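I have a structure open today, and these are my notes from looking things up in it. Pull up a chair and follow along.

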Amino acid sequence: MRPVFREDTPVDTRGNKILFKHYRDAAPILKDRLGKYCSYCELKFPQTHVEHIQPKSLEPQLENAWNNFLLACPMCNGIKNDSNINSSNLNDFFWPEKDNTFIPFVYEKDRAPQICSQLSDNLKAIAERTLLLTGLDREPTHPKFNIRTDERWHERNTAWGKAERAKFNLQRHPTNAMREQIIDTATSTGFWSIWMTVFQDDVDMRRRLIEAFPGTCSSSFDADTQPISRPGGQI
């Protein structure tokens, strides 16, 4: 899961913080800052929804609060829906705008995101709740997986195939132009974590991926693009 930097509340031309009259008004700014990617599954989707970390139905005072916003695809948004999330249990989950969410999850071919085996038991429990929250653990053997409505599995596999072919082509033609072309393909496909995984041994490509996907939290990685704990986060 890509760690993102949402930045502070946007300001108007006079430097005053924007007070959103409706949460949907924040969508263009969120998409500009984070890209048109689901904050959870990383699917690139033209109709990403403004996602309320703490559901607006349960915490109506946060309905138009910038710090409560992310972007989500219809599937992740629909599964998370009105889950009971509030200020008292936020730390029961990992959040891409707060934690380095690239650390707790492992991406493998033909699998849903898996939990990193090197985590402590406490962090594994948080990672599991995070996957369940948006159904990111669903794959064809999962009892709730619906191939007719859940595109995430198919699109994730498609991205994996593109990334593998790109890596093969780069080995045959190791040019800067090829690297630029791969970044164009990656940003148009989405699933940043998959591209980072497939190119795990190529520091230059990983740097480019971190820079190319809008809003990626670059401070969550060291100079060699290895993930590091995020200040203020749980991981």
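**Entry 1: a residue in a helix**

In which helix is Ile-183 found? I looked it up, and Ile-183 is in helix H5. I note at the outset that the model is predicted.

Next I asked whether Ile-183 is buried or exposed. Its relative accessible area is 11%, and because the limit for buried is under 20%, Ile-183 counts as buried. For its surroundings I set aside the neighbours within four places in sequence, which left contacts with Met-205, Arg-208, Leu-209 and Ala-212. I also took the C-alpha to C-alpha distance from Ile-183 to Leu-209: 6.6 Å in space, for 26 residues apart in sequence.

**Entry 2: a charged residue in H5**

I stayed in helix H5 for Arg-179. Is Arg-179 buried or exposed? With a relative accessible area of 18%, Arg-179 is buried. Not counting residues up to four places away in sequence, I find that Arg-179 touches Leu-170, Asp-202, Asp-204, Met-205 and Arg-208. Met-205 and Arg-208 were also in my list for Ile-183. Between Arg-179 and Ala-166, 13 residues apart in sequence, I get 8.8 Å from C-alpha to C-alpha.

**Entry 3: the nonpolar core**

Which residues touch the most other members of the largest nonpolar core? My search gave Tyr-40 and Trp-195, in a core of 62 residues. The elements that give two or more residues to this core are helices H1 (27-34), H2 (74-80), H3 (121-134), H4, H5, H6 (192-198) and H7 (203-212), along with strand E2. As background for myself: in soluble globular proteins, nonpolar side chains tend to be buried together.

I then listed what Tyr-40 is in contact with, leaving aside neighbours within four places in sequence. The list holds Met-1, Glu-51, Leu-70, Ala-72, Cys-76, Lys-80, Trp-95, Pro-96, Thr-134 and Leu-136.

**Entry 4: a strand pair**

Leu-70 and Ala-72 sent me to strand E2, residues 69-72. Both of its faces are covered: Phe-69 and Leu-71 are buried on one side, and Leu-70 and Ala-72 are buried on the other.

How many bridges join strand E1 to E2? I count four, with E1 (residues 49-52) running antiparallel to E2. In this pairing, His-52 stands opposite Phe-69.

Leu-71 turned up again when I checked Lys-31 for contacts outside its neighbours within four places in sequence; the others there are Lys-36, Pro-46 and Thr-48. Lys-31 has its place in helix H1 and is partly exposed, at 22% relative accessible area. I also noted Gly-215, which is 184 residues apart from Lys-31 in sequence and 9.4 Å apart in space, C-alpha to C-alpha.

**Entry 5: positive phi**

I wanted residues other than glycine with a positive phi, and wrote down two of them. Glu-42 has a phi of about 80 degrees, and Asn-81 has one near 40 degrees. Where are they? Glu-42 is in the loop between H1 and E1, while Asn-81 is in the loop between H2 and strand E3 (105-106). I checked accessibility too: Glu-42 is buried at 3%, whereas Asn-81 is partly exposed at 47%.

**Entry 6: a cavity**

How many cavities of 30 Å³ or more does a search of the whole structure find? The search finds one. The largest cavity has a volume of about 40 Å³. I wrote down its lining: Tyr-107, Glu-108, Lys-109, Asp-110, Arg-111, Arg-156, Asn-157, Trp-160 and Ile-194. Sorted by type, the lining has three nonpolar residues, one polar and five charged. Which helix gives the most to it? Helix H4 (residues 152-172) does, with three residues.

**Entry 7: a loop residue**

My last lookup was Leu-119, in the loop between strand E4 (114-115) and H3. Leu-119 counts as buried, at 10% relative accessibility. Leaving aside neighbours within four places in sequence, Leu-119 is in contact with Ile-103, Pro-104, Lys-124, Ala-127 and Ile-235. Thr-141 is another matter: Leu-119 and Thr-141 are 22 residues apart in sequence and 25 Å apart in space, C-alpha to C-alpha.

Technical notes
Residues are numbered from 1 along each chain as its sequence is written. This is a predicted model: local features need pLDDT of at least 70, side-chain atom pairs count only at pLDDT 80 or more; totals for chains, interfaces and linings use all residues. Side-chain values use heavy atoms; hydrogens and water are left out. Buried means under 20% relative accessible area, exposed over 50%, partly exposed in between (1.4 Å probe, protein chains only). Two strands pair if DSSP finds at least two bridges between them. On a 1 Å grid over the protein atoms alone, a cavity is a set of points where a 1.4 Å probe fits but cannot get out, and a pocket is an open set with protein on both sides within 12 Å along at least five of seven lines; lining residues have an atom within 4 Å of a point. Grid points are joined across faces, edges and corners, and a volume is the space filled by probe spheres set on the points. Ala, Val, Leu, Ile, Met, Phe, Trp, Tyr, Cys and Pro count as nonpolar, Asp, Glu, Lys and Arg as charged, and the others, Gly among them, as polar. A nonpolar core is a set of buried Ala, Val, Leu, Ile, Met, Phe, Trp, Tyr and Cys residues joined through side-chain atoms within 4.5 Å. Contact means heavy atoms within 4.5 Å.
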